[in-house]
Amino acid sequence: MIHSMTGFAVQNRDLGSVSLHLELRSVNSRYLDLGFRIVDDLRQAEPAIRERLAARLGRGKVECRLNLQAGHGTARGLALNTALLDQLAEAEAGLRTRFADAAPLSVHELLRWPGMLADDSLGFDEMLPAIVALTEAALDELVASRRREGDKLAAMIRERVVRMRELVAVATPRMPAVVLEYQERLTAKLRDAVASLDEDRIRQEVALYAQRIDVAEELSRLVTHLDEVERILKAGGAAGKRLDFLMQELNREANTLASKSPATDITAIAMEMKVLIEQMREQVQNIE
């Protein structure tokens with residue numbers, strides 16, 4: 001499958017007292033460029049998220065946003081450590097048998113006692129498995145999004161490939177006639193310009209120039225490059241850089257075709273090819 005580098009995914013997880021929100025956005029880039037916007041309480045999760053993104057994405061500028069919010073309809077609560085409170089009460093009673101005048105523990109002192117109050121919020125270690133699962137789910141969604149976009153890009157490129165094949169099919173059988181026509185025109189001009197020139201010399205010069213304007217080789221290479229484009233699209237995978245190289249090769253052949261051909265209809269074909277190649281090249285920039 002061909003994958004675009006453009007995609008979006010969002011996932012949420014309700015953990016009761018808190019809710020996790022993860023967004024992944026990706027656009028095209030020459031390399032894999034990861035950026036993170038993570039709330040301070042979850043900053044430790046970045047290495048785990050980075051590892052999973054790098055394992056499944058080849059190219060693209062990817063922005064990851066991870067937020068932590070209070071759970072819907074759930075207030076953060078505090079609970080007394082009743083076991084600790086009983087222990088303190090027992091210890092105080094024992095001490096008062098020996099120190100009858102000692103002041104009793106106040107409510108303020110009890111509430112400030114280490115371990116007396118515990119909140120019901122989750123710690124990072126408890127949330128990490130949920131963050132990892134959230135990342136995997138978001139990656140599944142992002143990869144699917146990039147694959148759908150890649151399918152559209154591949155279909156567009158195939159349409160241009162088909163049109164270029166049609167143009168090659170029109171140009172190829174025309175070339176012998178184009179070369180012959182040009183030979184005849186050039187021969188007539190040479191005879192008019194140099195009436196005394198040897199006929200063998202004229203034929204040699206005309207044949208030499210005919211070789212220079214013959215674009216059969218360029219047309220053959222165009223077909224070879226188009227075959228390779230279709231092969232890469234069919235094979236899928238990380239195809240962006242290979243397709244980009246082929247667009248350069250196709251453009252080179254189209255330029256040569258335009259510059260060498262003396263026939264206006266062949267030049268028009270070359271110009272249309274260049275437009276098609278540029279349209280494909282723009283889309284190739286978005287392929288992973």
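In what pattern do helices and strands follow one another when the chain is read along the sequence? With the predicted model displayed as a cartoon and traced from the N terminus, the pattern is β-β-β-α-β-β-α-α-β-α-α-α-α-α. In total there are eight helices and six strands.

**The whole chain**

Begin with everything selected and a surface shown. The chain exposes about 16,500 Å², and carbon and sulfur atoms supply 53% of that area. Of its 288 residues, 35% count as buried. Switching to contacts, consider pairs of residues at least 6 apart in sequence: 79% of these contacts join residues at least 24 apart.

**Helix α1**

Next, select residues 46–56, which form helix α1. Glu46, Ile49 and Leu53 are the residues to colour as buried here. Looking down the axis of α1, one finds the buried residues within an arc of 70 degrees, so they line one face of the helix. Rotate the view to the face turned away from that buried side, where the exposed residues Pro47, Glu51 and Ala55 are carried.

**From α1 to α4**

Keep α1 in view and add residues 124–193, helix α4. Show the side chains of Arg56 and Glu136: they form a salt bridge whose closest N and O atoms are 3.4 Å apart. Arg56 belongs to α1 and Glu136 to α4, so this pair ties together parts that are 80 residues apart in sequence. Both ends are partly exposed, Arg56 with a relative accessible area of 34% and Glu136 with one of 28%.

**From α4 to α8**

Move along to Arg163 and add Glu272; the salt bridge between these two has its closest N and O atoms 2.8 Å apart. Arg163 is in helix α4, whereas Glu272 is in helix α8 (residues 264–284), and the pair links distant parts of the chain, 109 residues apart. Glu272 is partly exposed at 31% relative accessible area, and Arg163 is partly exposed with a value of 31%. Returning to the earlier site, select Arg52, Arg56, Glu136 and Asp140 together: salt bridges that share partners join these residues into one network.

A further pair to inspect is Arg25 with Glu23, whose side chains meet in a salt bridge at 3.3 Å, N to O. Is Glu23 buried or exposed? Glu23 counts as buried, at 16% relative accessibility, while Arg25 is partly exposed at 41%. Across the model, the count of salt bridges comes to 20.

**Two buried polar residues**

Select Arg146, which also has its place in helix α4. With a relative accessible area of 1%, Arg146 is buried. Which residues are in contact with Arg146, leaving aside its neighbours within four places in sequence? Expand the selection to Ile2, His3, Ser4, Met5, Thr6, Gly7, Ser26, Leu57, Arg59, Val62 and Glu288 to see them.

Then go to His225, in helix α6 (residues 216–235). His225 is buried as well, with a relative accessible area of 14%. Beyond its neighbours within four places in sequence, His225 is in contact with Leu246, Glu249, Leu250 and Glu253.

**The nonpolar cores**

In soluble globular proteins, nonpolar side chains tend to be buried together. The largest nonpolar core of this model holds 38 residues, and Ile157, Met164, Val229, Leu250 and Met273 touch the most other members. To see which elements build this core, display α4, α6, α7 (240–260) and α8, each of which gives two or more residues. Helix α4 gives the most, with twelve residues.

Centre the view on Ile157. Not counting residues up to four places away in sequence, Ile157 touches Val229, Leu233, Met280, Val284 and Ile287. Apart from this core lies another, of 25 residues; select Val18, Leu20, Leu22 and Ala130, which are among them.

**A last view**

To close the tour, show α4 once more with the side chains already visited. Glu136 in this helix pairs with Arg56 in a salt bridge, Arg146 lies buried in it, and Arg163 forms a salt bridge with Glu272.

Terms used: Residues are numbered from 1 along each chain as its sequence is written. Side-chain values use heavy atoms; hydrogens and water are left out. A salt bridge is a side-chain nitrogen of Lys or Arg within 4 Å of a carboxyl oxygen of Asp or Glu. Buried means under 20% relative accessible area, exposed over 50%, partly exposed in between (1.4 Å probe, protein chains only). Helices (H or I, at least four residues) and strands (E, at least two) are DSSP runs, numbered from the N terminus. The arc is that of the directions from the helix axis to the C-beta atoms. Contact means heavy atoms within 4.5 Å. Accessible areas come from the Shrake-Rupley method with a 1.4 Å probe; for residues, only the protein chains shown count as cover. A nonpolar core is a set of buried Ala, Val, Leu, Ile, Met, Phe, Trp, Tyr and Cys residues joined through side-chain atoms within 4.5 Å.
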